[in-house]
Amino acid sequence: MSHAELEASETPPSGGGDAPATVRKRPKPGERRVQILQALATMLEQPGAERITTAALAARLDVSEAALYRHFASKAQMFEGLIEFIEQTVFTLINQITEREPDGPTQAARIATMLVQFAEKNPGMTRVMVGDALVFENERLQQRMNQFFDKIEASLRQSLRPAADASATPTVEAQVRASVLTAFIVGRLQRFARSGFKRMPSEHLEASLARVL
């Protein structure tokens with residue numbers, strides 16, 4: 001995450017006891033975009049939050065709406081910024097899990113656990129993941145989140161495929177188990193969001209995964 005760059009005038013101080021020139025903060029390139037996305041995610045963390053308007057977002061940042069549109073062409077692009085963060089973070093972690101853990105079912109369990117932990121640490125992002133925050137937004141945003149969970153299911157199916165080899169229909173067996181596990185994860189995230197972030201998705205997680213897997 002970027003840090004604000006401090007820029008000060010090189011003008012020598014005046015004689016007498018004058019106060020030093022005020023140091024003015026100017027965001028580095030891209031930092032204002034990060035600040036906007038952080039503010040949006042924070043606003044989404046409020047339980048029962050209504051649809052977030054650009055006016056409310058601008059007020060939270062103490063800037064004009066025009067200032068927001070200098071960095072994002074639309075509110076949909078702001079949500080896409082959050083979705084990109086979710087995708088990059090989650091799939092980077094999935095790659096790390098699959099590289100480090102050779103056992104397929106353990107891979108799947110760790111992927112599920114990682115997603116649940118990510119949701120608990122980022123409740124605002126959870127509302128994006130389950131679609132609650134996207135209800136009145138551009139339809140392509142929900143389609144993108146649907147694709148996100150399709151990729152999650154594909155990763156789980158790949159992890160579970162070797163363990164299903166003993167089955168008469170290993171491909172179908174892996175597909176079914178991956179589908180059930182994905183539905184379990186989505187259900188936990190939905191419950192977390194719709195309970196106002198009171199019902200933790202990690203509740204009895206290990207025992208639940210043992211049943212599912």
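The following legends describe close-up views of a predicted model of one protein.

**Figure 1. Overall arrangement of the predicted protein.** The model contains nine helices and two strands. Read from the N terminus, the order of the elements is β-β-α-α-α-α-α-α-α-α-α. Of the 213 residues in the protein, 39% are buried. Among the contacts with a separation of 6 or more, 61% are made by residues that stand 24 or more positions apart.

**Figure 2. The largest pocket and its lining.** The volume of the largest pocket is about 240 Å³. Its lining consists of 12 residues, and those nearest the centre of the pocket are Leu37, Gln38, Leu82, Phe85 and Met125. Two elements, α1 (31-44) and α4 (75-100), each give two or more residues to this lining. Helix α4 provides the largest share, with five residues. By chemical character, the lining of the largest pocket comprises seven nonpolar residues, four polar residues and one charged residue.

**Figure 3. The aromatic pair of Phe85 and Phe118.** The structure contains four aromatic pairs. In the pair shown here, the ring centres of Phe85 and Phe118 are 6.3 Å apart and the ring planes meet at 35°; the pair is therefore tilted, since that class covers planes that are neither under 30 degrees apart nor over 60. Phe85 belongs to helix α4 and Phe118 to helix α5, so the pair ties together parts that lie 33 residues apart in sequence. The two partners can also be described by their accessibility. Phe85 has a relative accessibility of 38% and so counts as partly exposed, whereas Phe118, at 6%, counts as buried. Phe85 is also one of the residues nearest the centre of the largest pocket.

**Figure 4. The aromatic cluster of Phe91, Phe148 and Phe149.** Ring pairs join Phe91, Phe148 and Phe149 into a cluster. Within this cluster, the rings of Phe148 and Phe149 have centres 5.0 Å apart and planes at 85°, so the pair is classed as edge-to-face, a term for planes over 60 degrees apart. Phe148 has a relative accessibility of 1% and therefore counts as buried. Phe149 is buried as well, with a relative accessible area of 10%.

**Figure 5. The buried and exposed faces of helix α9.** Which residues of helix α9 (residues 205-212) are buried? They are Leu205, Ser208 and Leu209. These residues cover an arc of only 95° around the axis and therefore lie on the same side of α9. Turned away from that buried side is a face that carries the exposed residues Glu206, Ala207, Ala210 and Arg211. The buried residues of α9 pack against two other helices, α5 (104-121) and α8 (170-194). Helix α5 also holds Phe118, a member of the pair in Figure 3.

**Figure 6. Gln46 and Gly196, distant in sequence.** Gln46 is located in the loop between α1 and α2 (54-61). Its relative accessibility is 42%, so Gln46 counts as partly exposed, the category between under 20% and over 50%. How many residues separate Gln46 and Gly196 in sequence? The two are 150 residues apart in sequence, while their C-alpha atoms are 7.9 Å apart in space.

How values were computed
Residues numbered from 1 in each chain as written. Predicted model: local features only at pLDDT ≥ 70, side-chain atom pairs only at ≥ 80, totals over all residues. Heavy atoms only, no water. 1 Å grid on protein atoms, 1.4 Å probe; cavity = no way out; pocket = protein on both sides within 12 Å on 5 of 7 lines; lining within 4 Å. Points joined across faces, edges and corners; volume = space filled by probe spheres on them. Helix = DSSP H or I, 4+ residues; strand = E, 2+ residues; numbered from the N terminus. Nonpolar A, V, L, I, M, F, W, Y, C, P; charged D, E, K, R; others polar. Buried < 20%, exposed > 50% of the residue type's maximum accessible area, 1.4 Å probe, protein only. Arc of directions from axis to C-beta. Contact = heavy atoms within 4.5 Å. Phe/Tyr/Trp six-rings, centres within 6.5 Å; stacked < 30°, edge-to-face > 60°.
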